[in-house]
Amino acid sequence: MGTLSYEFSVEKDDFERAGEASSKIKKILMQLGMDSSIIRRVAIGAYEAEMNLVIHSLGGTIRIDIDPKSIVITAEDIGPGIEDIELAMKEGYSTATEKIREMGFGAGMGLPNMKKCSDVFEIESEVGKGTKIVMKMYLKDGD
Amino acid sequence: MTVGQICEKLGLKPLTGDIGMDREVKGVYICDLLSWVMAHAHEGDAWITIQTHTNIVAVATLLELSCIIIPENAEIEEDTIKKAIEEGIPIMASDNNAFMVAKNLISLGLGD
Ligand SMILES: Nc1ncnc2c1ncn2[C@@H]1O[C@H](COP(=O)(O)OP(=O)(O)OP(=O)(O)O)[C@@H](O)[C@H]1O
Ligand SMILES: [Mg+2]
């Protein structure tokens, strides 16, 4: 098997379709017959990244690259960027509005969840430009 | 224990018809913060939440939760039901509050 890649676009404020990209990613991994624990990690990482694109960004894409050794999820958006990444990474930190919090978002757990379920987690952001998150998960024998 | 058995024993109202009644309930998780649920709920859990928008179906599908229980008959959006049927996730409503639902689930032997 070489590398399989899929990309999904995610619209800002599109709560109607929010979660679809991660659901599709999960279904792809299930079709490939991957192990349930790696599917769970990918599903969590992809979902949190997707929801952040919907809630906090101006829109972007989620990409998944699958090769025999690893799965890489890349979330990239077109702004507004994160000013203080260290602060954004703290559990409980959120800039979500009251309305968004009423829907159950804004616990400030998304980025920490992404980091926890990745073997390698990278985040780059520039205010006015956008944010890029890369989550890499290594596959073990049997995954 | 299956979702159908829980519905019957607790008098829950299935909002998604016959969908998923044979799914196995392995545990229970209660929380209304979605990222918290993503981090801590387990596969097979029955999820008690007062959130009723469509995204709860995405959470339940991604984590392979067995069902969603809406306490105190909180009003649920039509789109959520539609999506749940599409994804095969059973949603049930209860007259009771989350605490009483949990108490009744424990009396059925869940959480031992
Ligand atoms: N793609 C993004 N673009 C701009 N800001 C972002 C982006 N992702 C995260 N942030 C900022 O980082 C904060 C923390 O994100 P995190 O996902 O941890 O929590 P949250 O989305 O606020 O709440 P939760 O994920 O628990 O629902 C956000 O409140 C927001 O200010
Ligand atoms: Mg988030």
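**Exercise 1. In this predicted model, find which residues B:Leu63 is in contact with, leaving aside its neighbours within four places in sequence.**

Solution. Setting those sequence neighbours aside, the contacts of B:Leu63 are A:Arg40 and A:Ile44 in chain A, and B:Val37, B:Met38, B:Ala41 and B:Glu43 in chain B. Next, place the residue: B:Leu63 belongs to helix α3 of chain B. Its relative accessible area is 3%, so B:Leu63 is buried. Finally, compare sequence with space: B:Asn73 is 10 residues from B:Leu63 in sequence, and their C-alpha atoms are 24 Å apart.

**Exercise 2. Describe the contact between chain B and chain A: how many residues does each chain give, and what area is buried?**

Solution. Start with the residues: chain A contributes 24 and chain B contributes 23. The buried area is about 1800 Å², and carbon and sulfur atoms supply 51% of that area. On the chain B side, the residues that lose the most area to chain A are B:Ser35, B:Met38 and B:Leu62, which together make up 31% of what that side buries. Then turn to charged pairs: 2 salt bridges are counted between the two chains. One of them joins A:Lys27 to B:Glu87, with the closest N and O atoms 3.2 Å apart.

**Exercise 3. Work out the strand order of the open sheet in chain B, and state which strands stand at its edges.**

Solution. The sheet has 5 strands in the order β1-β5-β4-β3-β2, and its pairing is mixed. The edge strands are β1 (13–14) and β2 of chain B; each has a single partner strand, so one side of each lacks a neighbour in the sheet.

Now go through the parallel pairs.

- β2 (residues 27–30) and β3 of chain B pair in the parallel sense over 4 bridges. B:Val28 has B:Ala46 of β3(B) as its bridge partner. Between these two strands the chain passes through helix α2 (residues 34–40), and the β-α-β crossover is right-handed.
- β3(B) and β4 (residues 67–70) of chain B run parallel and are joined by 3 bridges. Here B:Ile48 is matched with B:Ile69 of β4(B) as bridge partner. The chain goes from β3(B) to β4(B) by way of helix α3 (residues 55–63), again in a right-handed β-α-β crossover.
- β4(B) and β5 (residues 91–93) of chain B are parallel too, over 3 bridges. B:Ala93 in β5(B) is the bridge partner of B:Ile70.

**Exercise 4. For strand β3 of chain B, determine which residues point one way and which the other, and whether they are buried or exposed.**

Solution. The principle is that side chains in a regular strand alternate between the two faces of the sheet. In β3 (residues 45–48), B:Asp45 and B:Trp47 point one way, while B:Ala46 and B:Ile48 point the other way. All four of these residues are buried.

**Exercise 5. How many disulfides does the structure hold, and why is A:Cys117 not bonded to its closest cysteine?**

Solution. The count over all chains is 0. A disulfide requires two cysteine sulfur atoms within 2.5 Å. For A:Cys117, the closest cysteine sulfur is that of B:Cys31, at 17 Å, which is too far for a bond. For B:Cys7, the closest is that of B:Cys67, at 7.3 Å, also too far. As for exposure, A:Cys117 is buried at a relative accessible area of 6%, and B:Cys7 is buried at 7%.

Note on methods: Residues are numbered from 1 along each chain as its sequence is written. Chains are lettered from A and ligands numbered from 1 in the order in which they are written. This is a predicted model: local features need pLDDT of at least 70, side-chain atom pairs count only at pLDDT 80 or more; totals for chains, interfaces and linings use all residues. Side-chain values use heavy atoms; hydrogens and water are left out. Buried means under 20% relative accessible area, exposed over 50%, partly exposed in between (1.4 Å probe, protein chains only). Two strands pair if DSSP finds at least two bridges between them. A crossover is right-handed if, with the strands pointing away from the viewer, the path from the first strand over the helix to the second runs clockwise. Contact means heavy atoms within 4.5 Å. Buried area is the accessible area (1.4 Å probe) that two parts lose on being put together, summed over both. A salt bridge is a side-chain nitrogen of Lys or Arg within 4 Å of a carboxyl oxygen of Asp or Glu.
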